[in-house]
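Welcome, and thanks for taking a look at this one. Here is a short tour to read alongside the sequence and the 3D view.

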Number of protein chains: 2
Amino acid sequence: MALIDLSRQVALGIDIGGTNTKFGLVNHRGEILAKGAMKTDIHETVEGFIDELYQNVQPLIEDHCADKLFEGIGVGAPNANYYTGTIEQAPNLNWKGIVPFAALMEEKFGKPCKMTNDANAAALGEMMYGAARGMKDFIMITLGTGVGSGIVCGGRLVYGHDGFAGELGHAIVKPGGRKHWSTGSEGSLEAYASATGIAITAKKMRAEFPESMLNEYAEEEINSKTVHECALKGDPTAIEVFRYTGQKLGEALANFVMFSSPEAILLFGGVIRAGDFILKPTKLHMERNLLPIFRNKVKLVFSELNEADAAILGASALVWEK
Amino acid sequence: MALIDLSRQVALGIDIGGTNTKFGLVNHRGEILAKGAMKTDIHETVEGFIDELYQNVQPLIEDHCADKLFEGIGVGAPNANYYTGTIEQAPNLNWKGIVPFAALMEEKFGKPCKMTNDANAAALGEMMYGAARGMKDFIMITLGTGVGSGIVCGGRLVYGHDGFAGELGHAIVKPGGRKHWSTGSEGSLEAYASATGIAITAKKMRAEFPESMLNEYAEEEINSKTVHECALKGDPTAIEVFRYTGQKLGEALANFVMFSSPEAILLFGGVIRAGDFILKPTKLHMERNLLPIFRNKVKLVFSELNEADAAILGASALVWEK
């Protein structure tokens with residue numbers, strides 16, 4: 001029997017977003033040996049997309065690993081189903097219906113392909129290479145344009161009976177509250193705690209407080225970055241935007257804690273650049289809404305993974321997953 | 001090597017409540033060979049309780065199984081910690097602090113003892129003997145004096161990092177809502193969907209509607225049973241009590257579904273005797289609050305276990321758990 005040097009095995013991690021797709025070759029230690037990016041949305045068909053992906057990736061594989069060390073492919077994609085390897089009814093992708101993505105990839109690359117949604121992939125990456133190393137119970141919340149989540153219980157990702165578990169961004173935190181721009185639901189976590197939600201909150205609040213620095217920006221310039229800038233300059237309205245956001249997020253996290261009693265909640269994504277402006281009120285309102293038995297136990301921490309690489313690392317972790 | 005006939009092995013299942021404790025000898029098929037009950041609250045010390053329990057149980061064991069077939073003990077108890085075998089700060093029990101219950105039981109009975117909270121035990125029982133047979137992902141909600149829950153993901157009970165996962169009764173369903181009589185939290189599921197919560201709702205609503213049949217009862221007679229009787233007679237206020245309760249419960253269930261995407265949600269406990277009066281609005285509001293991807297997928301069903309025996313069966317299932 002020929003021995004295989006496990007430390008030299010390589011996984012291809014792919015992160016498919018609505019606009020861009022990133023990919024990278026990753027080894028067991030979480031080192032990215034090579035990486036690249038391409039457009040997602042210029043491809044009307046999934047076959048065309050996979051053709052270009054193959055042309056981009058193949059040279060990297062030839063340069064960085066012998067074929068026998070190329071272990072497999074992990075993909076993070078919106079609405080990806082872990083059990084079936086399909087992408088189902090993804091609103092942000094051109095490919096409609098149920099797309100047998102993993103099967104098409106296996107055919108093209110000749111390697112096994114596993115997939116899950118982007119937030120689940122990020123949670124796996126965090127467990128394997130980041131702030132959740134050694135943890136068996138944690139929840140990862142991604143705060144970007146939307147709010148995603150990946151849940152790990154007893155050392156395993158929670159996929160649910162159909163592969164779609166962990167849509168915590170769509171949990172209702174305020175019944176009858178703010179209407180979601182896309183789903184139409186009222187009062188979801190995503191409507192408040194996403195970058196999109198923060199911009200909505202900021203626009204409302206600056207209208208109420210004419211003296212706020214936020215009024216120095218044009219409508220389209222209001223986003224979590226500019227609100228953060230104003231907060232840093234001490235603008236009370238901008239600070240209140242994050243406090244309010246943190247309250248809604250903290251209340252939601254308390255409910256999540258009473259579900260799975262995680263050791264930690266990891267926050268990830270563009271919104272966390274606001275640092276303590278969002279972290280402190282989040283922690284306050286999480287603790288306040290917890291039963292005593294859960295208080296002062298749950299670590300609330302920011303992701304340790306480089307944001308640009310986390311999605312690739314997380315997707316590649318699917319390949320190593322038992 | 002002597003062969004052991006697995007079908008003849010027996011587990012002792014014990015259900016400890018604040019007032020009464022029930023116990024039974026259960027075989028692999030979920031048949032209760034013998035059972036009994038005793039008072040919990042007359043015992044000031046846990047040692048005294050275990051002494052009486054032993055005196056009650058030992059004759060049953062001698063009658064029904066040889067010692068070598070007595071496999072072990074499973075206990076469902078409030079605030080029981082699966083990992084440590086302790087009962088921690090249980091508000092409804094006389095034994096305060098952290099009680100090393102499993103260790104004391106093992107010393108007395110000379111058999112391994114595992115424990116978890118009562119709702120987790122009920123979920124295990126349902127998975128092994130009841131409506132959740134063959135399911136790997138489901139949530140059990142117990143609607144009694146309080147609201148408890150047991151969550152199964154990927155075929156395993158969710159215990160969380162500290163053993164206390166699954167306190168869904170304390171999830172906040174209406175921020176700033178009804179104050180909980182014991183925890184002080186505002187707007188928890190238990191404050192609305194427990195028998196206690198239903199009585200509060202009924203008392204409020206009958207005051208608003210003087211023509212309601214509910215006004216024919218004395219204050220202390222208002223409970224989920226009498227509300228059900230009035231609903232059966234067509235009293236619109238009584239029907240509205242269950243509709244409102246079902247709305248709050250359904251909204252909460254939608255959030256739980258988006259967490260773990262279960263195949264089914266099992267409802268259990270005294271409150272479900274109200275049948276469709278509570279089930280229909282619960283289902284309506286659950287579906288209404290779900291993302292489309294989860295709609296019309298989750299079975300919402302009543303427990304199949306005999307309520308009087310379910311707790312014993314569930315506790316005994318801990319012994320057979322892998």
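In which strand of chain A is the place of A:L266? A:L266 sits in strand β12 of chain A, which covers residues 264-268. Please keep in mind that this is a predicted model. The notes below start with chain A as a whole, then turn to A:L266, the contact between the chains, the helix pairs and two loop residues.

**Chain A as a whole**

- Chain A contains nine helices and 13 strands.
- For 322 residues, a compact globule would be expected to have a radius of gyration near 20 Å, and chain A agrees because its own value is 20 Å.
- Measuring along the principal axes, the C-alpha trace of chain A extends over about 70 × 45 × 35 Å.
- Of the 322 residues in chain A, 52% are buried.
- If you take the contacts in chain A between residues at least 6 apart in sequence, 63% of them link residues at least 24 apart.

**A:L266 and its surroundings**

- Is A:L266 buried or exposed? A:L266 has 28 other C-beta atoms within 10 Å, so A:L266 is buried; the cut-off for buried is 20 or more.
- Setting aside neighbours within four places in sequence, A:L266 has contacts with A:E126, A:A131, A:A132, A:F138, A:M140, A:V301 and A:S303.
- One of these partners, A:S303, is 37 residues from A:L266 in sequence, yet the two lie 5.7 Å apart in space, C-alpha to C-alpha.

**Where the two chains meet**

- Chain A and chain B each bring 35 residues to the contact.
- On the side of chain A that touches chain B, β10 (147-153) and α7 (236-260) each supply at least two residues.
- Which element gives the largest share of that side of chain A? The answer is α7(A), with six residues.
- Sorted by class, the side of chain A that touches chain B has 16 nonpolar, 10 polar and nine charged residues.

**Helices α5 and α7 in chain A**

- A pair of packed helices is described by the angle between the two axes and the distance between them.
- Helix α5 (residues 195-208) of chain A packs against α7(A) at an angle of about 135°, and their axes are 10 Å apart.
- That angle falls outside the ranges for roughly parallel, antiparallel and perpendicular, so α5(A) and α7(A) count as oblique to each other.
- The crossing of α5(A) past α7(A) is right-handed.
- From α5(A), the residues A:I198, A:T201, A:A202, A:M205 and A:R206 meet A:T237, A:E240, A:V241, A:Y244 and A:T245 of α7(A).
- The contact of α5(A) with α7(A) has five nonpolar, three polar and two charged residues.

**Helices α5 and α7 in chain B**

- In chain B, helix α5 (residues 195-208) and helix α7 (residues 236-260) pack at about 135°, with 10 Å between their axes.
- α5(B) and α7(B) are therefore oblique to each other, and α5(B) passes α7(B) in a right-handed crossing.
- The residues of α5(B) that meet α7(B) include B:I198 and B:R206, and among those they meet in α7(B) are B:T237 and B:Y244.

**Helices α3 and α9 in chain B**

- How do α3(B) and α9(B) lie, and at what angle do they cross? The axes of α3 (residues 118-129) and α9 (residues 307-320) of chain B come within 7 Å and cross at roughly 80°.
- Since an angle of 65 to 115 degrees counts as roughly perpendicular, α3(B) and α9(B) are roughly perpendicular to each other.
- On the α3(B) side the contact residues include B:D118, B:G125 and B:Y129, while those of α9(B) include B:A310, B:G314 and B:W320.
- By class, the residues of the contact of α3(B) with α9(B) are 12 nonpolar, two polar and one charged.

**Two loop residues with positive phi**

- A:Q89 is not a glycine, yet has a positive phi near 50°. You will find A:Q89 in the loop between β6 (86-88) and β7 (98-99) of chain A.
- A:Q89 counts as partly exposed because 14 C-beta neighbours lie inside 10 Å.
- B:N296, also a residue other than glycine, has a positive phi near 55°. B:N296 is in the loop between α8 (276-288) and β13 (299-302) of chain B.
- With 7 other C-beta atoms within 10 Å, B:N296 is exposed.

Note on methods:
Residues numbered from 1 in each chain as written. Chains lettered and ligands numbered in written order. Predicted model: local features only at pLDDT ≥ 70, side-chain atom pairs only at ≥ 80, totals over all residues. Contact = placed C-beta atoms within 7 Å. Helix = DSSP H or I, 4+ residues; strand = E, 2+ residues; numbered from the N terminus. Nonpolar A, V, L, I, M, F, W, Y, C, P; charged D, E, K, R; others polar. Buried ≥ 20, exposed ≤ 12 C-beta atoms within 10 Å, placed from the backbone. Axes fitted to C-alpha atoms, helices over the stretch in contact; angles between N-to-C directions. Parallel < 35°, antiparallel > 145°, perpendicular 65-115°, else oblique. Left-handed = near helix turned anticlockwise from the far one by under 90°. Rg over C-alpha atoms; globule rule 2.2 N^0.38 Å.
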